[in-house]
Amino acid sequence: MSKKNSSTQNKELGLKFQTLPTFAQRLISYIHYKTGAAAELILIVLLGVMALACQDKFDVQLKNGRTFTSLYLMLLARSGSRKSTVFRLLMGIIYQLEKELRNDFLLKEKIHKLKLVSWETELKELKKQFGKAVRQKADVTEALEALEECQRRKPSAPERKYLTKNDSTSEGLRKALALGSPSLMLGSDEAGGVFDSNLFRNISVLNSLWGEGRISDSRASRDSYDVDDVRLTVLLLLQPELFNDFISKQGKKLRNSGFLARLLLIDLEQLPELCDIPEACSWSDEPGLDGFFSILVKHLQDGIERREKNEERICITLSVEAQAVWDTQSQRITELMKLGESLHYYDDFGARFMEQTTRIAAVMQMFITPDSSIITKDTFMSASKLMQWILNHSIIKVDSTREPTRAEKLKWYLEDNLVSNGSYDYKRNDLIKKGPYSIRSSENLIPTLEQLESEGVVQLFERNGINYVKFIGSIMEPKELAEKTNIPLINSGSVVMNKLPIPK
């Protein structure tokens, strides 16, 4: 990405409050009024708890099949930003429901133990009868059938249901999903510990859960946990320094694996300014928050009941108008991923853009109209603008924590030295002598130039036995270059011609 593109995107890092659905505006305003937390922080936590509530009740229909309503969310904010305050406020009702599930489990476990004692007594007696028949060399058929029938009636142990995990290893997450908790949130307001575990070193587990909902885990050395048709939402809040340190070491692996394209990342440190909440102090919408919690609990309980009844998830679909917008935006994103366009270097993010947008739209719609499974055009448009905001953050964060490529370094060098060079034509030998250190050899410079030429950034040519590099992809227009190099207006036409590719 060019420096100009980076600068442009920096201007797009601010959240535009009016693009959010009305229900989200009201909730965020009220929670901001109660806590003083930034709208951006509140929004990310809201999306996380909403996704958890929806993910085991709803799927969402795309053109090429179904996808989930799970989201992977991460917010970076310094200490004192009220991360924990907002997290506890919005997660409180989930923890309460989880406590009720725990109490139900303890009651069932107590009943199970009583039944198990009775069953074990019966089993012991039937074993004796079978053993006696064997010793007496009598017909053992009746005794064996009674024993086997009793063994089949062994009381099943109740499964402990979790809704959340705040710290987990890869093995621990597999186990929790496989043993009674097939719909989970990995959520923490102090998520530094998560990055110390092996979960983010074995990133294929998280990738599989985001896209397929299954993991095949067959290992002979210890217990294995194969999981299928499970759902996971991730909501991690942590300080920027911890994530920056982690991504500086693991960023290439995280991106190459596809994980960063699945992650919805917001860094409050990147914001030029926090979102302005109109008349925040005038909002008093506690009933609205209660209504939100009511929908949240109902979706969660419906998801649990759906599992118990072995029913299909409800399929959310786009309205005709929303589908038309989806088609137009999908075509636009595809165009932007082409060579020379703004998403070419970020085609991994671009490839997930529409699916991420649809997931967000589905989650929001199920809280706007919880009894209707149709995504409206307005909701989809809100989700699209929100996803663009998140994409800008992700790209800036990735660029700020990775080593630029040789091609990027050379492109920036050519742009920065245009005025001192006085022309769009650079001598190739001068680039070897004065260019970025990483290309000061023919072995590195030549393939880098060939890459930039294939992308339409430079043109390579020879004149009078000297090899030149014409910088045809420069941001600086000829008129500006002429002014900065004090070329008279009457002669500026030559600068215009200088930038034009040489006909072949």
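These are my notebook entries on strands, helices and salt bridges in this structure.

**Before starting**

I am working with a predicted model, and I am keeping that in mind throughout.

**Entry: the open sheet**

I looked up the strand order first. Five strands make an open sheet, running S4-S5-S6-S3-S7, and their pairing is parallel. I then checked the edges, which are S4 (164-165) and S7 (263-267), as each of them pairs on one side only.

Next I followed S7 to its partner. Strand S3 (residues 72-76) pairs with S7 in the parallel sense, and I noted five bridges there. As a landmark I wrote down Tyr 72, which stands opposite Leu 263 in S7.

Which helices pack on this sheet? I found H3 (residues 39-55), which touches S3, S4, S5 (183-188), S6 (231-238) and S7. The direction of H3 makes about 160° with that of S6. I also found H14 (residues 377-400), which touches S3 and S7. The direction of H14 makes about 75° with that of S7.

**Entry: strands S1, S8 and S9**

I moved on to S8 (residues 314-318). It pairs with S1 (residues 58-62) over three bridges, in the parallel sense. Here Asp 59 stands opposite Cys 315 in S8.

S8 is also joined to S9 (residues 374-375) by two bridges, and those two strands run parallel. My marker for this pair is Thr 317, standing opposite Ile 374 in S9.

**Entry: two helices side by side**

I wanted to know how H6 and H8 meet. The axes of H6 (residues 170-178) and H8 (residues 204-211) come within 10 Å and cross at roughly 30°. That makes H6 roughly parallel to H8, because angles under 35 degrees count that way.

I listed the residues in contact: Ser 170, Leu 173, Arg 174 and Leu 177 in H6 meet Val 205, Leu 206 and Leu 209 in H8. Sorted by class, this contact has five nonpolar residues, one polar and one charged.

**Entry: salt bridges**

How many salt bridges does the whole structure hold? My search found 28. I picked out three pairs to read up on.

The pair I opened with was Glu 241 and Arg 78, whose closest N and O atoms are 2.1 Å apart. Glu 241 lies in H9 (residues 240-256) and Arg 78 in the loop between S3 and H4 (83-135), so this pair ties together parts that are 163 residues apart in sequence. I checked exposure too: Glu 241 is partly exposed, at 37% relative accessible area, and Arg 78 is also partly exposed, at 40%.

Then I took Glu 122 and Arg 153, which meet in a salt bridge at 2.6 Å, N to O. Glu 122 sits in H4 and Arg 153 in the loop between H5 (141-152) and S4, so the parts they tie together are 31 residues apart in sequence. Glu 122 counts as partly exposed with 32% relative accessibility, and Arg 153 is partly exposed with 37%.

My last pair was Lys 249 and Asp 245, at 3.4 Å, N to O. They are four residues apart in H9, so about one helical turn separates them. Are they buried or exposed? Lys 249 is exposed, with a relative accessible area of 62%, whereas Asp 245 is partly exposed at 40%.

I also jotted down a network in which salt bridges share partners. It joins Asp 56, Asp 59, Arg 66, Asp 229, Arg 231, Arg 306, Arg 307 and Arg 313. I had already met Asp 59 opposite Cys 315 in S8.

How values were computed:
Residues are numbered from 1 along each chain as its sequence is written. This is a predicted model: local features need pLDDT of at least 70, side-chain atom pairs count only at pLDDT 80 or more; totals for chains, interfaces and linings use all residues. Side-chain values use heavy atoms; hydrogens and water are left out. Axes are lines fitted to C-alpha atoms, for helices over the stretch in contact, and angles run from 0 to 180 degrees between N-to-C directions. Angles under 35 degrees count as roughly parallel, over 145 as roughly antiparallel, 65 to 115 as roughly perpendicular and the rest as oblique. Contact means heavy atoms within 4.5 Å. Ala, Val, Leu, Ile, Met, Phe, Trp, Tyr, Cys and Pro count as nonpolar, Asp, Glu, Lys and Arg as charged, and the others, Gly among them, as polar. Two strands pair if DSSP finds at least two bridges between them. A salt bridge is a side-chain nitrogen of Lys or Arg within 4 Å of a carboxyl oxygen of Asp or Glu. Buried means under 20% relative accessible area, exposed over 50%, partly exposed in between (1.4 Å probe, protein chains only).
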